[in-house]
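Grab your viewer and let's work through two short exercises on a ligand site and a pair of strands. Try each task before you read its solution.

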Amino acid sequence: MQHAGTLRIHELTPEERAVYATLKPESLPEHVAIIMDGNGRWAGRRSLKRFLGHQQGAKSVQLVTETASRIGLPWLTLYAFSLENNLRRPKAEVNFLMRLLKSYLEGNVQRMMDNNVRIRYIGRIHELPSEVQDKMQWAAETTAANTGTTLTLALNYGGRSEMVDAFRALAAEMRQKHIPSSHITEEDIHRHLYTAHMPDPDLLIRTSGEMRISNYLLWQIAYAEIFVTDRLWPDFRGIHLLEAIADFQRRERRFGGLGDNVLHTDEEADRYKIAVS
Ligand code: FPP
């Protein structure tokens, strides 16, 4: 795999290093995507306001990103704010999340620089408040030359709306270049997704136990391994990322192909009677 920046294994905690020692460094995932869920429950279990769960969740974002950068993970993509969150949550919570994002960026860009992390965004970010967009742009420009982990925040993001945006752009291109629809390939669609510049996620992690995809990276996760943990996002740390990667490495990825138990020749296959009744 391609390593992002320099490995900084010595900066892992002793507990993280113990898990890292069990990993095969040559087959680390290139891209890990995370559905960060459970901030509200984390707060509720402590009789705290939901806001405090989000605040604690922002801390997890930074700590997990730093562990990712230490092990040289090239791409980390976090579902920070969905289109549905934007439309369906009370205005006060949406406003709080926007303020939290701004202060997260203000407070953590220096740490991103120290960790060689580059920040980017996917989603309909032009619909976010302009002062939030300004801060986002500032953070992206400040960290643009970093060569370590690319932290991508999915903001005002929905997988279906991403496809709508991609198909609109592709249709415009085809019209302009007079390309017939029968010529469309998967590669053409990929080129117009927000994620055109990155590989598809190898591993999708969801916290807080729900077995759902929630409209996240629908096209891109076609062959991703899925890891669901009951741990709530505000309790998720770098060591849990490493544990998820260890679990990922124990799986056999086939991409629609076959594992070891394979019939190699037609003659071999002919020896088995087909009994379907
Ligand atoms: C789900 O918790 C989480 C979100 C709404 C998005 C994630 C947001 C953060 C981690 C905080 C801010 C992030 C950044 C980058 C500053 P939930 O409220 O749905 O939890 P619940 O299902 O327990 O109610």
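**Exercise 1.** Where does the ligand sit, and which residues come nearest?

*Solution.* Start with the location: the ligand sits in the largest pocket. Three elements each give two or more residues to the shell around the ligand: helix H2 (39-44), helix H3 (50-70) and helix H5 (91-114). H3 supplies the largest share, 4 residues. (Helices here are DSSP runs of H or I, at least four residues; strands are E, at least two.)

Next, the neighbours. There are 17 residues around the ligand, and Asp 37, Gly 40, Arg 41, Arg 50 and Arg 89 come nearest.

Now check the oxygen atoms of the ligand. Asp 37 puts a polar side-chain atom 3.0 Å from one, and Arg 89 does so at 2.8 Å. Arg 41 uses a backbone N or O atom instead, 2.7 Å from a ligand oxygen. Finally, the cover: alone, the ligand exposes 620 Å², and the protein buries 91% of that.

One note: this is a predicted model, where local features need pLDDT of at least 70, side-chain atom pairs need 80 or more, and totals for chains, interfaces and linings use all residues. Numbering runs from 1 along each chain as its sequence is written, and side-chain values use heavy atoms, leaving out hydrogens and water.

**Exercise 2.** How do strands S5 and S6 run, and which side chains of S6 are buried?

*Solution.* First, the pairing: S5 (residues 203-206) and S6 run parallel, joined by 4 bridges. Leu 204 stands opposite Ile 226 of S6.

Then walk along S6 (residues 225-228): Glu 225 and Phe 227 point to one face and are buried (under 20% relative accessible area, 1.4 Å probe, protein chains only). Ile 226 and Val 228 point to the other face and are not buried.

Definitions and conventions:
Buried < 20%, exposed > 50% of the residue type's maximum accessible area, 1.4 Å probe, protein only. Pairing = 2+ DSSP bridges. Near = heavy atom within 4 Å. Polar contact = N/O pair within 3.5 Å; in protein donor to acceptor, adjacent residues only side chain to side chain. Areas by Shrake-Rupley, 256 points an atom, 1.4 Å probe, with all protein chains shown as cover. 1 Å grid on protein atoms, 1.4 Å probe; cavity = no way out; pocket = protein on both sides within 12 Å on 5 of 7 lines; lining within 4 Å. Sits in = over half its atoms within 2 Å of the grid points.
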